[in-house]
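Biologist: I am new to this structure, and I would like to learn how to read its empty spaces. Could you take me through them one at a time?

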Amino acid sequence: MDNDVSAGSNTTIVGRLALGITLLAFGLGYTDLIDGVTATDAVSVAHYVGGVALFVAGLFAFRDRDTVTGTAFSAIGALWFTWAVSAGGQVSDNAAGLFLLLFALVVLSLTVAVGDPLAKGTYGLFLVSLVLLAIAQFAGNDGLAKVAGWFAVAAGAVAWYAATAALAQWPTALPRRAARGVTVAG
């Protein structure tokens with residue numbers, strides 16, 4: 001690994017920690033890894049950490065004139081808040097799948113917009129998780145929901161690493177190798 005460490009702003013660090021913890025709790029709930037822990041158990045974390053704290057971090061990022069981070073954190077915060085307050089409500093599997101697909105569209109926009117590889121990795125893995133989970137909702141497929149959970153866990157781990165790396169000044173970039181002795185035939 002390269003010693004290229006991106007410190008990130010305090011807002012970005014707090015937001016990545018909030019997103020990471022929320023994704024880990026949400027994803028682990030779907031994986032059935034921990035006996036008796038389900039996605040419903042992540043509602044409090046999603047409501048307060050993923051919803052409120054992430055939304056507030058987004059507002060602070062806007063204040064710092066960081067439009068991409070502000071958009072990411074406030075939009076995802078609002079979506080987590082919505083998911084949490086509607087959890088346990090009586091909605092059809094198709095309605096839940098539609099919400100997840102709409103959530104995925106927002107995350108797709110974020111994946112395309114961010115330049116930071118760790119943020120792109122977080123949002124890309126989260127996108128895959130949401131699409132798989134939406135399909136699982138439409139199809140009533142618990143096995144696919146479990147796979148989606150693992151993608152959410154991976155996304156949470158990347159977000160957590162990005163925040164921790166910024167705090168601890170760990171490497172965040174892979175080494176770039178120069179192409180030596182390579183000639184182009186013409």
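Biologist: What volume does the largest cavity have?

Modeller: Please keep in mind that this is a predicted model. A cavity is a set of points where a probe fits but cannot get out, and here the largest cavity has a volume of about 50 Å³.

Biologist: Which residues line the largest cavity, and which helix gives the most to that lining?

Modeller: The lining is made up of Arg16, Leu19, Phe73, Leu118, Ala119, Thr122, Tyr123 and Ala159, and α5 gives the most, with four residues. Sorted by class, six of the lining residues are nonpolar, one is polar and one is charged.

Biologist: How much space lies in the largest pocket, and which residues lie nearest its centre?

Modeller: A pocket, unlike a cavity, is an open set of points; the largest pocket holds about 650 Å³ of space. Its lining has 28 residues, of which Tyr30, Trp83, Asp93, Ala96 and Gln137 lie nearest the centre. The largest share of that lining, five residues, comes from α4, while the lining as a whole divides into 13 nonpolar, 11 polar and four charged residues.

Biologist: Turning to a single residue, why does Thr71 count as partly exposed?

Modeller: Partly exposed covers what lies between under 20% for buried and over 50% for exposed, and Thr71 falls in that class because its relative accessibility is 35%. Thr71 has its place in helix α3, and, leaving aside residues up to four places away in sequence, Thr71 touches Phe62, Ile76 and Leu110.

Note on methods: Residues numbered from 1 in each chain as written. Predicted model: local features only at pLDDT ≥ 70, side-chain atom pairs only at ≥ 80, totals over all residues. Heavy atoms only, no water. 1 Å grid on protein atoms, 1.4 Å probe; cavity = no way out; pocket = protein on both sides within 12 Å on 5 of 7 lines; lining within 4 Å. Points joined across faces, edges and corners; volume = space filled by probe spheres on them. Helix = DSSP H or I, 4+ residues; strand = E, 2+ residues; numbered from the N terminus. Nonpolar A, V, L, I, M, F, W, Y, C, P; charged D, E, K, R; others polar. Buried < 20%, exposed > 50% of the residue type's maximum accessible area, 1.4 Å probe, protein only. Contact = heavy atoms within 4.5 Å.
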